[in-house]
Amino acid sequence: MLRAFIKLVCTSIMTGLLTGIVFSQPAKQDVQKAAEGFVEAYNGKRYAEIEQQFNAQMKAAISGDKLKEFLDGAHQQFGKIVSSGQPRSVAPAAAIFPANFERGKLDLQVALDGEGKVAALRLSPPSPEKPKTASRNKT
């Protein structure tokens, strides 16, 4: 049930909000800083700090109570975030961070709007790694 709720919340947030993102203003380090802030606030269960970073569309899409319910559920199922891997940039103001939780792995996707506010936030199952391309055989 929690997974279905996570998927529903994430899908609606990403679908509704990515259309309003202006990608050219915030720098990659701003996305990194936003992700680090999320991890610290998430691990400390300071969800109001996370909500304060949302832009108006995010605040309209998910209430503080729904955010708390969602993140408490993630805490129950996965625990705290213990580390994150190298981010994959998906746009100038958006990146996916592989996040290692106490009880599993998820991808944390963060996208910022033109003012540096969080316009999209998503926790999802990790995307499969691309296989390394084999070099040509020499015979």
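Helix α2 (residues 28–43) packs against helix α5 (residues 64–78) in this predicted model. Their axes lie 11 Å apart and meet at an angle of about 75°. Angles of 65 to 115 degrees count as roughly perpendicular, so α2 and α5 are roughly perpendicular to each other. From α2, the contact uses Phe 38, Tyr 42 and Asn 43. From α5, Leu 71, Ala 74 and His 75 take part. By residue type, this contact of α2 with α5 has 4 nonpolar residues, 2 polar and no charged.

Now turn to the strands, with β4 as the reference. Strand β4 covers residues 104–112. Is β4 mostly covered or mostly open? It is mostly covered, with 7 of its 9 residues buried.

β4 pairs with strand β3 (residues 94–101). The pairing is antiparallel and runs over 8 bridges. To find the register, start at Ala 94: its bridge partner in β4 is Ala 111. The two strands β3 and β4 make a hairpin, and 2 residues sit between them.

β4 also pairs with strand β5 (residues 118–124). Here too the sense is antiparallel, this time over 6 bridges. Asp 107 gives a marker for the register, standing opposite Ser 124 in β5. β4 and β5 form a hairpin as well, with 5 residues between the strands. Which residue in this hairpin takes a positive phi? That residue is Gly 116, with phi near 80°.

To trace this part of the chain, follow β3 through its hairpin into β4, then go on through the hairpin of β4 and β5.

How values were computed: Residues numbered from 1 in each chain as written. Predicted model: local features only at pLDDT ≥ 70, side-chain atom pairs only at ≥ 80, totals over all residues. Heavy atoms only, no water. Buried < 20%, exposed > 50% of the residue type's maximum accessible area, 1.4 Å probe, protein only. Helix = DSSP H or I, 4+ residues; strand = E, 2+ residues; numbered from the N terminus. Pairing = 2+ DSSP bridges. Axes fitted to C-alpha atoms, helices over the stretch in contact; angles between N-to-C directions. Parallel < 35°, antiparallel > 145°, perpendicular 65-115°, else oblique. Contact = heavy atoms within 4.5 Å. Nonpolar A, V, L, I, M, F, W, Y, C, P; charged D, E, K, R; others polar.
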